[in-house]
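Visitor: Could you take a close look at a single part of this structure for me, and then follow its connections outward? I would like one connected account, with the cut-offs behind each term stated as you go.

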Amino acid sequence: QVQLVESGGGLVQAGDSLRLSCAASGDTFTFSNYNMGWFRQTPGREREFVAGITRSGGTTHYADSVKGRFTISRDNAKSTVYLQMSSLKPEDTAVYFCAANSASEANYYVYATRAHLYGYWGQGTQVTVSS
């Protein structure tokens with residue numbers, strides 16, 4: 001059974017920083033075989049792509065709304081992916097989810113922003129940014 005467990009969310013003020021973590025585990029889950037993504041969702045809206053990283057960590061990419069403020073990284077030895085969020089804005093308030101897909105690195109961009117193509121999801125962590 002595969003588990004993705006997010007942590008690090010909380011209540012912060014605009015301009016603050018937070019680092020989210022997502023720890024992966026599972027007897028049949030080899031973390032380094034999966035591209036990872038961070039998505040976020042607010043009530044009544046679809047899950048929105050935030051950032052993604054290839055299985056090797058060699059490629060990262062971001063939604064325009066977070067580019068220059070958020071940084072995704074991974075530590076394959078620890079089976080963990082991170083999302084460093086800086087200069088937070090009230091509009092960043094959402095539940096943040098990490099997700100894994102098994103696409104090849106060559107097909108990374110085909111899968112990266114499409115939530116329905118991710119096979120594994122965490123339970124989410126709430127981030128609230130007050131103005």
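Guide: Let us take the hairpin of β7 and β8, where four residues lie between the strands and S79 takes a positive phi near 50 degrees. This is a predicted model, in which local features need pLDDT of at least 70 and side-chain atom pairs count only at pLDDT 80 or more, while totals for chains, interfaces and linings use all residues. Residues are numbered from 1 along each chain as its sequence is written, and side-chain values use heavy atoms, with hydrogens and water left out. Strands here are DSSP runs of E with at least two residues, numbered from the N terminus, and two of them pair if DSSP finds at least two bridges between them.

S79 itself sits in the loop between β7 and β8, and its phi is positive although the residue is not a glycine. The two strands that flank this loop run antiparallel and are joined by six bridges, with I72 standing opposite L83 in β8. On β7, the residues F70, I72 and R74 make up a covered face, whereas T71, S73 and D75 make up an uncovered one.

Strand β8 covers residues 80-85 and includes T80. T80 is buried, since its relative accessible area is 9% (buried means under 20% relative accessible area, exposed over 50%, and partly exposed in between, with a 1.4 Å probe and protein chains only). A polar atom of the T80 side chain lies 2.8 Å from the backbone oxygen of K78. Once its neighbours within four places in sequence are left aside, T80 is in contact, meaning heavy atoms within 4.5 Å, with S21, C22, A23, F31, S73, R74 and D75.

The hairpin belongs to an open sheet of four strands, with the order β1-β3-β8-β7 and antiparallel pairing. Because β1 (3-7) and β7 (70-75) each have a single partner strand, they stand at the edges, and one side of each is left without a neighbour in the sheet. From one strand to the next the twist averages 15 degrees, an angle taken between the N-to-C directions of axes fitted to C-alpha atoms, on a scale from 0 to 180 degrees. At the β1 edge, five bridges join that strand to β3 (residues 18-25), the two running antiparallel, and Q3 has S25 in β3 as its bridge partner.

Both hairpin strands also contribute to the interior. A nonpolar core is a set of buried Ala, Val, Leu, Ile, Met, Phe, Trp, Tyr and Cys residues joined through side-chain atoms within 4.5 Å; the largest one has 36 residues, and those with the most contacts inside it are M36, W38, V81, L83, M85 and Y96. The elements giving two or more residues to this core are β3, β4 (35-41), β5 (48-53), β7, β8, β9 (94-101) and β11 (125-130), and β9 gives the most, with five residues.

Beyond β8, the loop that leads to β9 holds S87, another residue with a positive phi of about 50 degrees although it is not a glycine. S87 is partly exposed, given its relative accessible area of 42%. β9 in turn is joined to β11 by three bridges, the two strands running antiparallel, and Y96 has T125 in β11 as its bridge partner. On β11, T125, V127 and V129 form the covered face, while Q126, T128 and S130 form the uncovered one. β11 is also joined to β2 (residues 10-13) by four bridges, here in a parallel arrangement, with Q13 opposite S130.

Aromatic pairs complete the view. Rings of Phe, Tyr and Trp (its six-membered ring) pair if their centres lie within 6.5 Å, and planes under 30 degrees apart count as stacked, over 60 as edge-to-face and the rest as tilted; a search of the whole structure finds nine such pairs. The rings of F29 and Y120 have centres 5.7 Å apart and planes at 85 degrees, so this pair is edge-to-face. F29 lies in the loop between β3 and β4 and Y120 in strand β10 (residues 120-121), so that residues 91 apart in the chain are linked. F29 is buried at 9% relative accessible area, whereas Y120 is partly exposed at 32%.

Technical notes. Polar contact = N/O pair within 3.5 Å; in protein donor to acceptor, adjacent residues only side chain to side chain.
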